[in-house]
Amino acid sequence: MNEIIFFINKVLISGAAIGSVYAMGAIGVTLIFGILRFAHFAHGDMMTLGAFFAFALTVMFPQAGQAIGLPTGFVMLPVAMLLTAIIAVLLDKTFYLPLRNNNVSPVVMVMASIGVTLMLQGLIRLFGGIEARYFFFAERKDIFRIALPFEDASRKIVITEPQILLFLFTLFSVFAIHYILNKTKFGKAMRAVSDNPDLARVSGINIQKVTIVTWLIAGSLAAAAGTLLSLDVSLKPDLSFNLLLPIFAAAIVGGVGHPYGAIVGGYVVGFAETLSIFNWAIFLRPFRDSLPEWFELSSNLALVPTEYKITVPFFILVVILIWRPTGLFKGKVI
Amino acid sequence: MSLVNVSNLVAGYGNNAPILQNVDMTLQQGQIGVIVGPNGAGKSTLLKSIFGLLNIHSGEITHNDKSIIHLRADQLVQQGLAFVPQEFNVFESMSVEENLEMGAFIRSDDLSDSIDKVYGYFPPLKEKRNQPAGELSGGQRQMVAMGRALMSNPSLLLLDEPTAGLSPLFMEKIFERIIAVNKSGVTVLMVEQHARQALAIADMGFVLVTGQNAFTDTGQALLQDDDVARSFLGG
Amino acid sequence: MNTLLTGYKKEALIVSFCGVLIALVFANFGSAFGLRMLTEIACFTIIALGLTIQWGFAGLFNAGIMGFIALAAFVSMLVSYPVNEAFWQSDFSSQLGWVFAKLLLGVAIIWGINSLPTLRNRIKLRRLLVVIAIAITYLVFMQNLAPVARGIETGAGFIGGFGLPVWMGWIAGGIVAGILAWFVGHICLGLRSDYLAIATLGIAEIIKAVLKNADWLTRGTLTVSPLPWPVETPGEIGFIASRAQYLSVTIVIIAVIFWLLQRAYSAPWGRMIRAIRDNELSSAAMGKDVNGRRLEVFILGSVLMGVGGAALVTFNSIFDPSGFLPLHHTFLIWVMVILGGAGNNTGTLIGTVIVYIVWVMSEPATLWVFEGIKHLGLEWFAWQVPNDFDSRALQMRVFLIGLTITLVLRFAPSGLIPEKIREH
Ligand SMILES: Nc1ncnc2c1ncn2[C@@H]1O[C@H](COP(=O)(O)OP(=O)(O)O)[C@@H](O)[C@H]1O
Ligand SMILES: [Mg+2]
């Protein structure tokens with residue numbers, strides 16, 4: 001029984017947490033991919049930027065959380081999202097829009113986004129330093145330990161308050177995205193641009209405004225994902241490239257330009273990561289004595305050693321590119 | 001007063017050599033204009049040029065006597081123009097009704113009357129309103145495309161081969177709808193392969209050959225012209 | 001004629017500017033430092049030429065140059081580093097051999113299943129069997145490797161090298177980088193251009209992770225040094241003479257590459273590549289094997305990156321997996337190429353010279369500027385700077401690299417010396 005609880009903690013809860021973060025990042029990447037037609041490499045640093053805003057606000061108003069009974073970082077999230085969204089729009093105006101007006105190829109846009117990511121990285125580390133930071137410097141991080149009603153279950157299911165907030169917020173964003181894309185004028189226009197940009201233009205859809213809405217959504221989701229991840233673990237300014245690969249993998253797995261696919265892709269990648277680094281030897285240990293002699297039980301039976309976690313999203317990416325480049329849900333953009 | 005006037009137009013794709021060479025064309029308010037000509041003559045190119053999608057080297061295009069060559073597509077829609085491209089003219093992943101809503105992007109008022117009007121023109125669309133446009137038949141897609149264009153309440157409707165690939169029966173139906181739309185006060189300028197049938201309903205006909213005006217006259221006159229008949233209407 | 005003349009004038013101006021820069025470095029910092037910088041520039045030039053082939057000739061986006069450099073540097077180290085007797089005399093050398101023999105067996109079985117005639121038409125079954133075989137091979141390999149690796153690490157430290165000549169190491173490094181390129185290109189080149197960027201970025205991080213963590217192979221964070229040189233070392237003949245020899249070797253390599261590239265550029269092969277880059281659709285319509293050509297270019301460019309990377313790391317004389325940084329080993333090279341003029345070899349050379357000198361000089365310059373800021377802040381606002389102020393200040397260079405990339409793309413997309421399209 002303890003083994004199963006261990007599995008729930010290490011694989012299911014952790015996987016759902018990191019999967020939620022990937023999903024929110026991937027929604028933004030996939031929307032940008034669908035509407036502006038390039039892979040936005042600055043997304044990881046946009047997440048870090050959002051978390052950094054939330055952290056700065058937490059330092060400025062450390063008491064804000066207590067008033068409401070939630071972590072201060074979470075209370076500051078809307079402001080951080082707004083700031084990041086505005087920055088995203090401004091970045092587009094200064095760096096991407098002029099290139100689009102020059103009709104450059106998508107690869108040049110990708111390169112420009114790498115330029116932007118380096119600028120963000122430089123600024124974040126200039127002002128924020130490079131060491132990891134913890135949101136809970138003035139508050140206590142609530143950790144819930146849930147005992148299961150089984151006799152042989154001495155371990156408990158562990159879930160932290162930031163994780164619960166992360167799940168709730170992801171759920172909320174999924175519904176919000178669904179509502180925006182299907183019920184609002186600009187959301188529908190985003191789908192139209194993603195479906196057929198030429199026809200969208202001809203229909204009189206104002207592409208510039210749709211672009212702005214896209215960046216607002218992508219920017220605020222990035223900020224939320226970055227902040228919630230940092231609340232759960234810590235704010236690491238050097239996270240960006242490590243986040244970028246799983247997020248791209250999630251977007252491509254889901255089918256590029258396909259927001260629901262991105263959500264599924266996020267969880268696929270998240271669970272794949274936790275499943276691969278999970279030590280399966282734990283499940284075999286109870287049968288240690290009944291195993292055949294030649295089967296020497298090693299203490300670590302993880303599919304992938306933790307230090308090589310980054311290979312998991314890459315492997316998924318390679319498999320999907322070979323087997324089904326359009327993604328599970330047939331994305332528009334190949 | 002002419003609603004739309006093209007004079008001495010030289011236009012083409014990007015920096016390539018221009019396709020249209022000094023094309024002239026005038027259409028009065030309330031008319032149906034039909035552009036015919038052999039494949040590759042530049043018919044689609046002419047419509048796209050009017051709709052601001054191509055590089056205009058020289059010449060002038062006016063709508064209500066105002067120059068429109070420097071306007072963006074969404075500004076043209078504001079001005080009362082609407083365009084149905086030859087292909088890829090529906091949002092395939094979106095429902096019929098959403099397609100119609102996209103045509104009305106520039107409007108901020110209530111759309112239900114306009115949507116009902118479109119369903120009035122094209123009754124089959126009403127029962128398919130929630131189906132993705134990509135799943136419809138060719139004729140129904142064409143209806144969605146025209147309906148989408150009508151949603152911005154245009155005064156000038158540009159249609160590029162609205163009957164391409166349709167059966168003769170369906171072609172009749174589409175022409176009939178076009179006439180109905182025209183009767184409601186919308187000026188129509190369309191490109192057609194089915195030259196005879198199209199010229200029959202046209203107030204004005206324009207024959208383009210290799211990017212130049214070959215003949216321009218009323219639809220009836222062109223149908224009766226022996227030269228035109230011999231070279232372009234198959235005898 | 002007129003524009004041609006001004007074009008050449010501009011080029012002459014830029015070349016003399018480079019000359020002045022180099023002269024200033026020599027005058028201010030002495031010949032030893034100047035030669036070191038020139039040699040590093042030469043190594044970077046080889047890498048940058050690889051990129052200019054991929055990006056300039058064929059429009060391929062390689063966002064993981066670092067991976068190709070790191071892999072080639074490792075292979076070069078493995079080939080040329082002195083033999084580690086402790087490892088070869090221990091039991092683990094034969095055990096390691098067995099592990100790899102099993103891996104080979106597994107690969108052979110996978111290959112066998114995949115080409116079994118009875119399974120030819122049963123694609124689903126074949127795929128399933130292949131996946132199972134791969135999984136088993138992988139698991140067995142990992143399980144077998146772990147204890148051997150641990151044994152090597154505690155006993156002999158790491159497996160050491162083969163003690164072969166350095167030039168063999170460089171060639172091997174280039175070849176392995178090319179094989180990696182074949183693998184990546186094979187998967188990505190038929191797809192959207194962005195996917196290549198994503199995949200190369202990922203593979204670079206993975207290669208770094210492996211090199212950093214496989215201590216039995218690379219000594220990991222303990223680093224390997226001193227790497228043998230292809231010429232006499234400073235210890236034998238002094239810094240200046242030794243570095244001058246090293247520089248000559250790299251210059252010879254560059255000269256050969258230059259000569260080959262200029263020929264390839266005007267050969268039918270080069271023309272076809274550029275036709276594909278400039279007009280992919282019509283080239284495909286003309287029946288050209290677009291992806292095949294691009295794969296060739298991608299491999300060729302990666303081989304050059306490998307050779308250049310091996311030369312660079314050999315020159316620094318230390319193999320340190322943590323020292324490979326995307327900023328330094330990927331994006332800096334991007335700046336060199338796009339600033340110099342992608343697709344133009346001379347432009348790439350000049351871009352490398354200017355960017356590298358500015359890059360090296362920017363470190364003291366940034367610190368100097370921020371020292372001033374610190375000083376003023378203290379004086380005027382009694383501002384206490386954070387302890388990590390200097391390392392933060394250096395992040396300004398990251399910002400500047402990013403800014404340069406975006407500015408060049410926007411205002412000088414064809415670089416200082418644009419590609420010259422010669423008609424034949
Ligand atoms: N996107 C394009 N880019 C360059 N040339 C084009 C493009 N589309 C059409 N053309 C060329 O323009 C000419 C006229 O085409 P078009 O106007 O489509 O003819 P049609 O009269 O059959 O509609 C043809 O020679 C065609 O090759
Ligand atoms: Mg046409």
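# Reading the interfaces and local features of a three-chain model

Modeller: In this predicted model, chain A and chain C bury about 4,400 Å² between them, with 77% of that on carbon and sulfur atoms.

Biologist: Nice place to start! How many residues of chain A and chain C take part in the contact?

Modeller: Chain A brings 58 residues and chain C brings 48. Counting a residue here rests on heavy atoms within 4.5 Å.

Biologist: And what makes up the side of chain A that touches chain C, by helix?

Modeller: Helix 5 (77–101), helix 6 (106–128), helix 11 (240–254) and helix 14 (311–323) of chain A each give at least two residues to that side. Helix 6 of chain A gives the most, with 18 residues. By class, the side of chain A that touches chain C has 42 nonpolar, 11 polar and five charged residues.

Biologist: How many salt bridges does the rule find between chain A and chain C?

Modeller: Zero. A salt bridge would need a side-chain nitrogen of Lys or Arg within 4 Å of a carboxyl oxygen of Asp or Glu. Polar contacts are another matter: five residue pairs, both at pLDDT 80 or more, are counted between chain A and chain C.

Biologist: Let us turn to chain A and chain B. What area is buried there?

Modeller: About 1,800 Å², and carbon and sulfur atoms give 60% of it. Within chain A, the residues that lose the most area to chain B are A:K185, A:L199 and A:V202, together 32% of what that side buries. The contact involves 18 residues from chain A and 24 residues from chain B.

Biologist: Why is the pair B:E101 and A:K188 called a salt bridge?

Modeller: The closest N and O atoms of B:E101 and A:K188 are 2.4 Å apart. The cut-off is 4 Å between a side-chain nitrogen of Lys or Arg and a carboxyl oxygen of Asp or Glu, so a Lys and Glu pair at that separation qualifies. Across the interface of chain A and chain B the rule finds two salt bridges, along with eight residue pairs in polar contact, both at pLDDT 80 or more.

Biologist: Which helices of chain A supply at least two residues each to the side that touches chain B?

Modeller: Helix 8 (185–195) and helix 9 (197–202) of chain A. Helix 8 of chain A gives the most, with seven residues. That side of chain A divides into seven nonpolar, six polar and five charged residues.

Biologist: Now a single residue. Why is C:T45 called buried?

Modeller: Its relative accessible area is 0%, and buried means under 20%, so C:T45 meets the definition. C:T45 sits in helix 1 (residues 2–57) of chain C. Leaving aside neighbours within four places in sequence, C:T45 is in contact with C:I254, C:L349 and C:T352.

Biologist: What makes the approach of C:T45 to C:I41 a polar contact?

Modeller: The side chain of C:T45 reaches the backbone oxygen of C:I41 at 2.7 Å. The limit for a pair of N or O atoms is 3.5 Å, so the distance falls within it.

Biologist: C:S317 and B:T210 both caught my eye. What is notable about phi in each?

Modeller: Phi of C:S317 is near 70° and phi of B:T210 is near 40°; each is a positive value in a residue other than glycine. C:S317 lies in the loop between helix 13 (290–316) and helix 14 (326–340) of chain C, while B:T210 lies in the loop between strand 9 (204–209) and strand 10 (212–218) of chain B.

Biologist: How do you know whether C:S317 and B:T210 are buried or exposed?

Modeller: C:S317 has 19% relative accessibility, and the cut-off for buried is under 20%, so C:S317 counts as buried. B:T210 has 57%, and exposed means over 50%, so B:T210 is exposed.

Biologist: One last stop, the open sheet of chain B. Why do strand 2 and strand 5 stand at the edges?

Modeller: The sheet has four strands in the order 2-1-4-5, with antiparallel pairing. Strand 2 (20–28) and strand 5 (66–67) of chain B each have a single partner strand, so one side of each is left without a neighbour in the sheet.

Biologist: And what makes strand 4 and strand 5 of chain B a pair?

Modeller: Strand 4 (residues 55–63) and strand 5 of chain B are joined over two bridges in the antiparallel sense. Pairing needs at least two bridges, so strand 4 and strand 5 qualify. In strand 5 of chain B, B:K66 is the bridge partner of B:H63.

How values were computed: Residues numbered from 1 in each chain as written. Chains lettered and ligands numbered in written order. Heavy atoms only, no water. Buried < 20%, exposed > 50% of the residue type's maximum accessible area, 1.4 Å probe, protein only. Buried area = accessible area lost by both parts, 1.4 Å probe. Polar contact = N/O pair within 3.5 Å; in protein donor to acceptor, adjacent residues only side chain to side chain. Nonpolar A, V, L, I, M, F, W, Y, C, P; charged D, E, K, R; others polar.
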